[in-house]
Structures are given as C-alpha cells and as structure tokens.
Amino acid sequence: MNPKILIMVPAFNEADSIGALIKEIRVSVPQADLVVINDGSQDNTGEEARKTGAFVATLPHNLGIGGAVQTGYQIAFDEDYDVVVQIDGDGQHDPAYTAPLLRPVLEGKLDLCIGSRFLEEDTETFRSTRARRFGIRFFCRLLGLLTGLRLTDPTSGFRATGKKLIKSFADYYPVDFPEPEAVKIAKRLGARVGEIPVRMRERQAGHSSIRYLATLYYMAKVTLAILIDTLKKNP
Amino acid sequence: MHPKTFALIITFSVLILVIDLIRRQKMTFKYALAWLASSIAVIFFTLQDTWLRTVAQWAGFALPSNFIFFLLLIFVIFFSLLLTIHINEQNSRAESLAQAIARLDYRLRKMEGKESDEKR
C-alpha cells in the first residue's frame with residue numbers, strides 16, 4: 001500500500017506567494033495531500049490557497065510557527081498519515097527538493113529528515129545573515145554535544161517527519177523558534193534524525209519571523225528549552 | 001492618624017473591595033482566597049500587635065515593620081508566580097481551542113468537498 005503523505009504549509013500573511021507555491025508543490029509531489037495552515041492571517045492567504053483547490057485549516061488567531069506546525073501534525077494524526085512534510089508558506093523552501101527529503105523517511109532510514117542549506121558548498125546556496133549563521137553553528141554544536149548528532153542546519157523548517165514522531169509532535173510541539181528543540185525532542189524519543197542537502201530561495205513575500213533584534217531572545221530561549229528538554233523523561 | 005488605625009482602614013478597604021468583587025462575580029473565590037486570607041491576617045496582627053512582635057522576633061527580625069515588609073514581598077512574589085502559571089494555562093487553553101477550530105475547519109471543508117464531488 002502506498003504511504004499516505006501530507007504536505008503542510010504553515011502560512012501567515014502570504015497571500016502574494018501562496019498560490020504559486022501550492023502549484024509548485026503539486027507538480028513536485030502530485031501523490032501527496034496538501035493542507036495550508038492559515039495562521040490567523042489578516043490578508044487573503046486562506047482564499048488564495050483555496051482558489052488552487054488546496055485544503056485550508058484556518059486558525060482563528062495567530063499562534064506563531066510552533067502552534068501552526070503542531071496543528072498540521074494534529075491533522076496528520078487525526079487522518080492517519082504516514083509522513084508529514086513541512087514547507088513554509090513564504091516560498092523559501094523549494095518544493096523541488098520534497099521528493100529527496102521524503103526518500104529517507106519513506107525508505108525507513110530516518111524518522112526526521114531535515115533539508116539543510118549548508119550541506120552543499122554551493123555558491124548558489126541561500127545566504128543568511130551573519131548573526132543567523134552564528135546562531136545555527138551554535139545550535140549545531142549544542143545539539144551535537146547533547147545528542148551526538150552532526151547536523152549542519154537544525155534551524156531549517158524544511159523537514160519530513162515519519163509516523164514515529166507524528167503523534168508526539170501532535171501532542172507537544174515547541175512554540176517560538178521550534179526547530180532545534182524539535183530535533184532534541186525527536187532524539188529523546190529515540191528517532192533517527194538526519195539531513196539531506198537542499199537549496200533555499202530568498203523569501204518571495206512577507207517578513208521573516210526572525211529579525212536582528214529577536215536573535216538574542218531566540219538564542220537564549222532555544223538554548224534554555226534544549227537544556228530543559230534534557231531533564232525530561234520519555235513518555 | 002495612628003498607624004494602627006491607618007493600617008486597619010486600608011486593610012478593611014481591601015477586604016470589602018475583594019468581597020464586593022466576588023459578589024459582583026468579577027472575581028472567583030478561587031483567586032480571591034489569597035487576598036481574603038492575607039487581609040484577615042493583617043487585621044489580626046494589627047489588632048494583636050504583641051503577637052506580631054513575638055512572631056517577628058522569632059523569625060529574627062529586629063523591627064516588626066521589617067517583618068511586615070518581608071511578608072508583603074513574599075506575598076507579591078508568590079501571587080505573581082501563581083498569576084504567571086495561570087496566564088500560561090489560559091494561553092495553552094486558547095491555543096488548544098484555536099487548533100481544535102482549525103482541525104474542525106479542515107474536516108468540514110473536506111466533507112463539503114466530498115459532498116460536492118458526489119453530487120457531480
């Protein structure tokens with residue numbers, strides 16, 4: 001039997017880019033179902049997504065990326081999906097890499113496959129800010145120290161998650177910059193985590209959730225959250 | 001005015017205000033309990049100030065007024081902590097409700113989609 005694949009697209013005020021993104025996803029992975037998590041957008045994100053025939057789950061108010069992604073996992077759990085792929089609604093994640101991202105999970109090699117923009121030393125690779133690159137390196141080291149994982153891009157939201165983690169992420173998913181903490185949780189739950197190289201694009205519209213001023217809060221919050229996770233017991 | 005009278009007026013005002021808020025259903029008994037208990041404790045210690053001196057001395061405070069400030073600080077810290085927990089609870093409840101609405105929205109639209117497909 002073919003595995004049930006759900007592509008979730010968390011989106012907040014992405015009316016300008018969401019339609020084109022959905023069309024691209026449909027071309028890349030026609031066999032997958034698609035749900036747009038409209039995270040309390042104040043523009044026409046929901047309507048624009050619906051025009052393309054996509055299913056839209058609208059949150060009545062903005063929960064932030066963590067709450068939106070958790071909603072996607074809850075839907076995946078409710079509907080008994082085998083794999084969930086997160087593709088951010090801002091168009092930064094190139095849907096052309098969805099199939100390679102899915103492969104290790106579908107083959108049973110990984111439970112969480114992260115699309116890394118730093119695995120390939122390519123000049124075309126998306127360039128992030130210096131502060132952000134420093135943050136990414138810091139979390140690579142921290143996660144490496146605590147879990148033994150050798151990652152290059154733990155902050156990437158472009159990821160495929162297998163059935164082993166769907167229920168756990170539906171029950172609890174970190175809020176505010178959740179990606180590195182989600183990796184730590186996955187390791188605590190005994191999941192196999194790995195990366196594949198992807199290219200990321202410049203944001204097509206909207207605003208990034210991480211700005212310069214937020215970097216400090218981001219570093220402190222995520223570090224603390226990861227350290228506290230080491231004190232948690234497995235369910 | 002005698003400090004004792006001043007303390008009693010303030011404390012009785014707080015007590016009456018809290019009771020009135022409960023009566024008008026602006027505050028539930030659960031959250032009023034800490035205010036009621038502390039108001040009654042202050043009234044008790046104001047009327048029985050020899051007891052206040054004894055307890056303050058036993059706790060190692062040279063001046064009873066310092067002991068009162070200390071108690072006040074403890075009360076404020078403890079109550080702030082309780083309120084933080086409460087805000088967090090409300091926050092996660094609001095989040096769960098929002099997610100439940102989004103999940104229902106998804107299901108409803110999926111069912112509507114299936115229905116319109118069947119009609120065709």
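In the predicted model described here, A:Cys113 stands opposite A:Gly194 in strand β7 of chain A, and this pairing serves as the point of entry into the description of the chain. The parallel arrangement of β5(A) and β7(A), the latter formed by residues 193–197, rests on 5 bridges. Strand β5(A) is also joined to strand β6(A), residues 159–162, through 3 bridges, and in this case the two strands run antiparallel. Within that second pairing, A:Leu112 has A:Thr161 of β6(A) as its bridge partner.

The surroundings of β5(A) are consistent with its place between other elements of chain A: 5 of the 5 residues of the strand, residues 112–116, are buried, so the strand is largely enclosed by the rest of the structure. The covering extends to both faces, since A:Leu112, A:Ile114 and A:Ser116 are buried on one side, while A:Cys113 and A:Gly115 are buried on the other.One of the residues of β5(A), A:Ile114, is touched by A:Leu151, which also touches A:Cys140, A:Leu143, A:Val183 and A:Glu195, when residues up to four places away in sequence are not counted. A:Leu151 itself is found in the loop between α5, residues 130–147, and β6 of chain A. With 23 C-beta neighbours inside 10 Å, A:Leu151 counts as buried, and its C-alpha atom is separated by 9.0 Å from that of A:Phe139, a residue 12 positions away along the chain.

A:Val183, one of the residues touched by A:Leu151, is among the buried residues of helix α7 of chain A. This helix, residues 179–188, is mostly covered, with 8 of its 10 residues buried. The buried set consists of A:Glu179, A:Pro180, A:Glu181, A:Ala182, A:Val183, A:Lys184, A:Ile185 and A:Ala186, and thus includes A:Glu179, A:Glu181 and A:Lys184 alongside A:Ile185. Just after α7(A), the backbone at A:Gly190 takes a positive phi of about 80°.

A contrasting environment is found at A:Asp78, which lies in helix α3 of chain A, residues 64–78. A:Asp78 is exposed, with 12 other C-beta atoms within 10 Å. The C-alpha atom of A:Asp78 is separated by 9.3 Å from that of A:Lys167, although the two residues are 89 positions apart along the chain.

Taken as a whole, chain A contains 8 helices and 7 strands. Its radius of gyration is 16 Å, close to the 18 Å that the globule rule gives for 235 residues, so chain A is as compact as a globular protein of that length. The C-alpha atoms of the chain fill a box of roughly 45 × 45 × 35 Å along the principal axes, and buried residues make up 48% of the 235 residues. Of the contacts in chain A with a separation of 6 or more, 76% are accounted for by residues 24 or more positions apart. The largest nonpolar core has 67 residues, and those with the most contacts inside it are A:Ile7 and A:Ile37. When residues up to four places away in sequence are left out, A:Ile7 touches A:Ile25, A:Val29, A:Ala32, A:Leu34, A:Val85 and A:Ile87.

Chain B presents another kind of architecture, with 4 helices and 0 strands, arranged along the sequence in the pattern α-α-α-α. The radius of gyration of chain B is 25 Å, whereas a compact globule of 120 residues would have a value near 14 Å. Along the principal axes, the C-alpha trace of chain B spans about 85 × 30 × 20 Å. Buried residues make up 8% of the 120 residues in the chain, and among its contacts between residues at least 6 apart in sequence, 39% join residues at least 24 apart.

The two chains meet through 10 residues of chain B, which are in contact with 16 residues of chain A. By class, the side of chain B that touches chain A has 4 nonpolar, 1 polar and 5 charged residues. For the complex, the predictor gives an ipTM of 0.80 and a pTM of 0.83.

As to the confidence of the prediction in chain B, the mean pLDDT is 89, and 98% of the residues of the chain reach 70 or more. Within chain B, confidence is lowest in helix α2, residues 29–47, at a mean of 87, and highest in helix α1, residues 3–23, at 90.

Note on methods:
Residues numbered from 1 in each chain as written. Chains lettered and ligands numbered in written order. Predicted model: local features only at pLDDT ≥ 70, side-chain atom pairs only at ≥ 80, totals over all residues. pLDDT = per-residue confidence, 0-100. Contact = placed C-beta atoms within 7 Å. Nonpolar A, V, L, I, M, F, W, Y, C, P; charged D, E, K, R; others polar. Rg over C-alpha atoms; globule rule 2.2 N^0.38 Å. Buried ≥ 20, exposed ≤ 12 C-beta atoms within 10 Å, placed from the backbone. Pairing = 2+ DSSP bridges. Core = buried A, V, L, I, M, F, W, Y, C linked by C-beta atoms within 7 Å.
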